[in-house]
Structures are given as C-alpha cells and as structure tokens.
Amino acid sequence: MGTDAAPPDDNGAAAPPFLLLNGHAKDLGGGFHVRRLLPALQRRSIGPFVFFDHFGPVDVQPESEYDVRPHPHIGLATVTYLFDGAIMHRDSLGSAQEIAPGAINWMTAGRGIVHSERRPERLRGRSYVNHGIQLWAALPSEHGETAPSFVHTPADAIPEVHDALGGRVRVLIGSAFGATSPVATLSPTLYLDVQLPAGGALPLPALMPEMAIYAVEGALRLEDAAGRAMGQPAGTLAVPLGDGPVRIQAAQGEGPVRCVVIGGAPLDGPRHIWWNFVSDRKERIVQAADDWEAGRLGSVPGDPERIPLPERHFKP
C-alpha cells in the first residue's frame, strides 16, 4: 500500500507494520482549532492528498468567531466532509452552497479561486456542533491550470455498503466493495467513511497504491497481511508499511468506532505548499502570492472581507 515494508530497527527488532502520524493542533484564528495530520515530516502525501485537517466536534456558540473569511487557492482541490453541523460555502465563481453532513463538496482551484467558509445565516444566534474533515488533493501537473469549479454531491447520492454485523461503509470518492461514488476526480482517488459496531471488523483490500486510515472516533486495532497487529488511538493517521490487505477492527473495550480511509495513485512529482497554494513550481506560488496581494485573483460576491497574505518566507 504505497511504501516498502519497513526494515528492522537498529536493535534488530522488526519495525512496526504501520507508520503512525499523530498530527498537531493548529489555530486558524478566532479560536478555531483543527488537528492537522498532513503534511507531516514523516509523510508529505497519501495518494493525491497533501493536506488533512480534522476539526471538532466543537460547540459553536453565537459569539464564536469561526468564520473563515475569503482566501485564495491554486493547484489543488478542497474536499470538505461534515459528520455534524453546517458550513456556508461561497466562492468567486458565484457558488453559494450550504455544506451539510454526509455530502461531498469538491472545489477545484486550478488556476485560481477565492472562497469563504462561514456560519449559515439560519444558524446565526444559535448554538450547534461542527465536526468534519477538510482535505486538499493536489491536481495532476497537466491539470494544475485548469478552470476553477465547485461541485456539491448531496448525502443521498453517496453509495453505502452494509454488512450483516452492523458495519457501514460510505464510498465518498472512488470505488470499494462493489460501489462507486459519483464524485469525479482528475486522478485515481479513494475516500471512505467507515463505521463499525463494538467488536466489528472490516477487511480492507489494497484498493489503491497508497492508502491510510484515520481514527475519527474511538481506538482501532489494525492488522496487516502478515498478521502483524498494532493499536491505533483516536486522532491518528496510520499508513501501512507493506503491501496487501489490512484488517480494521474496533479496539477491545471500545463501543462503536468511526474511521476514514484515504488514498490514491502517487503524485506525479513533488509539490510545493505555501499558505493556501500548491504547485509543482515554486515560481507559480510566488506569482499567486503577488496576484492575491494585487487583487487579481477575484473576490466572493457580497463578501468584501479577505484574509491578507502572510509574511513571505518563500523564495522561488
């Protein structure tokens, strides 16, 4: 599943069967904290995914300042998925879409787009819970300058697979277990939402060359094709270090658990990431920064605010 089996460590002991990424807390402003798993020092990408933020579950109070003001992107697609809550997406194309739990929202930035992510007006003055994941998928180099677009796929269009023991897999992107998502991508991509009952297990085939499992709620027990097992705490991303299928199971003593599986074909080359920009060319990121400062990347209709460009430490 992406990387060769790990060699023994310096003491001659067998290395763990999975690379475990713990992530780190990141404040996006206004007290809006996320857990960032990618990029990481040990692993920069999983398939096309170069960025992984898990936010919540968080109680959003009327006075909370969790709105994300208009900001730009290039060279990537944002993939937003909610377990609970709501986000109002608006962009420079004129798109206006409330993001609801269970839906997939795929925004292709391509040569440039500006968007905001705010509290829906219907929830102004109310308390609610927000919980979800945002991923960035780097676009293939040949599509890096494609026209920007936004596609919302509602929850009831996402296929689900159930087993006799109460497990459920929602095929958000790609194909798995005989089901195929309607979400269109520009490279082979996989994204699954897996729910297991207490004691439940899922044999996960090697569906993509690179894959990883993120424990959203509850601890997991993972086992590789050679029978080597490892515990996975909630809030961690596990990358198999060998080929073949993986068995995902709710850890002993855990109630129902939830995880997501991400993956895809390896990137067609290294990517540079700075602020909200992704490209295979450093000079393209510098150009995007200049364009945002000069107001050339557009604006969100009806939303005059904007996040200013951070201090630059990026050289072409």
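1. W275 sits in the loop between β25 (272-274) and β26 (277-279), and in this predicted model its backbone has a positive phi of about 50° although the residue is not a glycine. The side chain should be inspected together with the backbone here, since W275 is partly exposed, with a relative accessible area of 23%; that value places W275 outside the buried class because buried means under 20% relative accessible area.

2. A second residue invites the same kind of inspection: phi of F177 is near 55°, which is again a positive value in a residue other than glycine. F177 belongs to the loop between β15 (175-176) and β16 (179-180), and with a relative accessible area of 32% F177 is partly exposed.

3. Two cis peptide bonds deserve a separate entry. The bond from L38 to P39 is cis, with omega near 0°, and P39 is placed in the loop between β3 and β4. The bond from G56 to P57 is also cis, with omega near 0°, but P57 lies within strand β4.

4. The loop that holds P39 also contains S45, given that S45 lies between β3 (33-38) and β4 (49-60). Is S45 buried or exposed? S45 is buried, with a relative accessible area of 17%, and the classification follows because the limit for buried is under 20%. Not counting residues up to four places away in sequence, S45 touches L38, V50, E210 and L267; L38 is also the residue from which the cis bond to P39 runs.

5. F55 is another residue of strand β4, and at 6% relative accessibility F55 counts as buried. Leaving out residues up to four places away in sequence, the contacts of F55 are F32, H33, V34, L82, I87, N130, H131, G132, I133 and Q134. G144 presents another relation to F55, with the two positions 89 residues apart in sequence and a C-alpha to C-alpha separation of 27 Å.

6. P101 is found in the loop between β8 (96-99) and β9 (104-108), where P101 is partly exposed, with a relative accessible area of 36%. Residues touched by P101, not counting those up to four places away in sequence, are L82, F83, D84, G85 and A155. The C-alpha atoms of P101 and A86 are separated by 7.0 Å, and the two residues are 15 apart along the chain. L82, a contact of P101, is also listed among the residues that F55 touches.

7. The interior can be described through its nonpolar cores. Which members of the largest core, a set of 29 residues, touch the most other members? They are F52, I133, Y191 and I262. The largest share of this core, four residues, comes from strand β6 (residues 76-84). A second, separate core of 25 residues includes F18, M208, V246 and C259.

8. Y191 can be followed further through its contacts. Leaving aside neighbours within four places in sequence, Y191 is in contact with V79, Y81, I104, I133, L135, R170, V171, L172, I173, V260, V261 and I262. Among these contacts are I133 and I262, which also appear with Y191 and F52 as the members of the largest core that touch the most others. I133 is in addition one of the residues touched by F55.

9. On the overall fold, the protein chain has one helix and 26 strands. Among contacts between residues at least 6 apart in sequence, 71% join residues at least 24 apart. Of the 316 residues, 51% count as buried.

10. The global dimensions can be checked against a simple expectation: a compact globule of 316 residues would have a radius of gyration near 20 Å, and the protein chain, at 20 Å, agrees with it. Along its principal axes the C-alpha trace spans about 55 × 45 × 35 Å.

11. As to the surface, the protein chain exposes about 13,700 Å², of which carbon and sulfur atoms supply 51%. The charged side chains number 27 positive and 35 negative, and the centres of these two sets lie 3 Å apart.

Note on methods
Residues are numbered from 1 along each chain as its sequence is written. This is a predicted model: local features need pLDDT of at least 70, side-chain atom pairs count only at pLDDT 80 or more; totals for chains, interfaces and linings use all residues. Side-chain values use heavy atoms; hydrogens and water are left out. Helices (H or I, at least four residues) and strands (E, at least two) are DSSP runs, numbered from the N terminus. The radius of gyration is taken over C-alpha atoms; the globule rule is 2.2 Å times the number of residues to the power 0.38. Buried means under 20% relative accessible area, exposed over 50%, partly exposed in between (1.4 Å probe, protein chains only). Contact means heavy atoms within 4.5 Å. Accessible areas come from the Shrake-Rupley method with a 1.4 Å probe; for residues, only the protein chains shown count as cover. Lys and Arg count as positive and Asp and Glu as negative; His and the chain ends are not counted. The place of a charge is taken as NZ of Lys, CZ of Arg, CG of Asp or CD of Glu. A nonpolar core is a set of buried Ala, Val, Leu, Ile, Met, Phe, Trp, Tyr and Cys residues joined through side-chain atoms within 4.5 Å.
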